[in-house]
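User: Please take a close look at one part of this model, the packing among a few of its helices. I would like one connected account.

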Amino acid sequence: MDTRQPIVLTVTHHDPSGSAGITADTETAASLGCHCASVVTAITVGDTRELVGVAPVDDSLLVEQARAVLEDMPVAAIKIGYLGSVENVHALHSVLRDYPDIPLVIDPDATLANKESLLAPPLWRAMCDLLLPLATLVAPNRREARAMAGEADVHDAQAQELLETGCHYLLLTGVPASEQQLENRLYDLRGLVREFRWQQLPPAAYGVCGTLTTAIACHIAHGLPVLEAVNRSQQFTWSAIADSRRLGMGRPVPNRLFWTCKN
């Protein structure tokens with residue numbers, strides 16, 4: 001069996017515009033020399049301006065998709081994005097507990113189309129209880145970390161609370177460092193491992209967090225240690241954002257194949 005191109009399994013939604021979700025993850029994996037297998041968790045309705053509707057797949061269908069891939073292919077890493085329902089969290093947990101040796105990277109988006117969704121709190125609680133204990137790395141942004149770590153009110157304490165669920169690393173993204181810079185912070189159970197500062201690139205592109213976490217999964221699949229995977233993945237994502245293209249009437253889309261356009 002040819003394992004020179006590692007297989008990464010992405011478990012997330014389908015975005016019809018290709019800005020985020022399965023299509024974006026497939027582009028990222030291909031750009032980084034991986035084959036992307038995929039499990040669709042939800043069908044969305046939207047364009048480059050906004051997502052206006054989400055229909056989660058049935059939990060039994062999610063299980064069937066995941067097991068079909070995992071029983072057939074030597075998956076080197078798994079990335080989880082939007083899941084869409086508490087039932088799907090439970091269903092995915094029932095599958096992943098059978099594969100404890102596969103590195104798992106989580107982008108914990110629970111509010112895909114509706115930032116005030118009433119589903120978000122129970123969905124985040126289910127993820128904290130069932131999925132974070134299995135994770136190699138979880139990468140929440142500031143808002144997600146604050147929502148998931150309900151007892152903590154500062155970044156370091158939020159990171160520690162989430163790490164205590166059992167995940168090995170936490171990458172907190174999008175912390176303002178200055179007017180022109182954002183900071184990402186990598187933690188493990190001992191505390192802060194490293195801070196990364198990046199120039200803020202207006203306008204905000206769509207699908208950024210998913211690109212970052214998929215890139216991390218790809219670099220881990222290639223055998224890189226977590227710190228190096230995080231470092232390289234941020235550079236890849238920053239370059240994709242810097243080369244964003246306005247393909248529709250809304251936000252620009254990161255060019256995850258930016259390197260193919262260079263002379």
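Analyst: Helix 1 and helix 7 are oblique to each other, since their axes cross at roughly 40°, and an angle that is neither under 35 degrees nor over 145, and not from 65 to 115, counts as oblique. The two axes come within 9 Å. Helix 1 passes helix 7 in a right-handed crossing. This is a predicted model, and the values here are computed from it.

On the side of helix 1, the contact is made by Asp 25, Thr 28 and Ala 29. Helix 7 contributes Gly 210, Thr 211, Thr 214, Ala 215 and Cys 218. Sorted by class, the residues of this contact are three nonpolar, four polar and one charged.

Helix 1 covers residues 21-31. Its buried residues are Gly 21, Ile 22, Ala 24, Asp 25, Thr 28, Ala 29 and Ser 31. Among the elements that cover these buried residues are strand 1 (7-14), strand 2 (35-46) and strand 4 (75-80), together with helix 7 and helix 8. After helix 1 comes Gly 33, which has a positive phi, near 80°.

Helix 7, residues 208-221, also packs against helix 8. Here the angle is about 140° and the axes are 8 Å apart. That angle makes helix 7 oblique to helix 8, because the limit for roughly antiparallel is over 145. The crossing of helix 7 with helix 8 is right-handed.

From helix 7, the residues in this contact are Val 208, Thr 211, Leu 212, Ala 215, Ile 216, His 219 and Ile 220. Helix 8 supplies Val 226, Ala 229, Val 230, Arg 232, Ser 233, Gln 234, Phe 236, Thr 237 and Ile 241. The class count for the contact of helix 7 with helix 8 is ten nonpolar, five polar and one charged. Thr 211 and Ala 215 of helix 7 take part in the contact with helix 1 and in the contact with helix 8.

Phe 236, listed in the contact with helix 7, leads to a further feature. One aromatic pair is found in a search of the whole structure. The ring centres of Phe 236 and Phe 258 are 5.5 Å apart and the ring planes stand at 50°, so the pair is tilted. Phe 236 belongs to helix 8 (residues 226-242), whereas Phe 258 is in the segment after helix 8, so the pair ties together parts that are 22 residues apart in sequence. Phe 236 and Phe 258 are both buried.

Definitions and conventions. Residues are numbered from 1 along each chain as its sequence is written. This is a predicted model: local features need pLDDT of at least 70, side-chain atom pairs count only at pLDDT 80 or more; totals for chains, interfaces and linings use all residues. Side-chain values use heavy atoms; hydrogens and water are left out. Rings of Phe, Tyr and Trp (its six-membered ring) pair if their centres lie within 6.5 Å; planes under 30 degrees apart count as stacked, over 60 as edge-to-face and the rest as tilted. Helices (H or I, at least four residues) and strands (E, at least two) are DSSP runs, numbered from the N terminus. Buried means under 20% relative accessible area, exposed over 50%, partly exposed in between (1.4 Å probe, protein chains only). Axes are lines fitted to C-alpha atoms, for helices over the stretch in contact, and angles run from 0 to 180 degrees between N-to-C directions. A crossing is left-handed if the near helix is turned anticlockwise from the far one by less than a right angle, and right-handed if clockwise. Contact means heavy atoms within 4.5 Å. Ala, Val, Leu, Ile, Met, Phe, Trp, Tyr, Cys and Pro count as nonpolar, Asp, Glu, Lys and Arg as charged, and the others, Gly among them, as polar.
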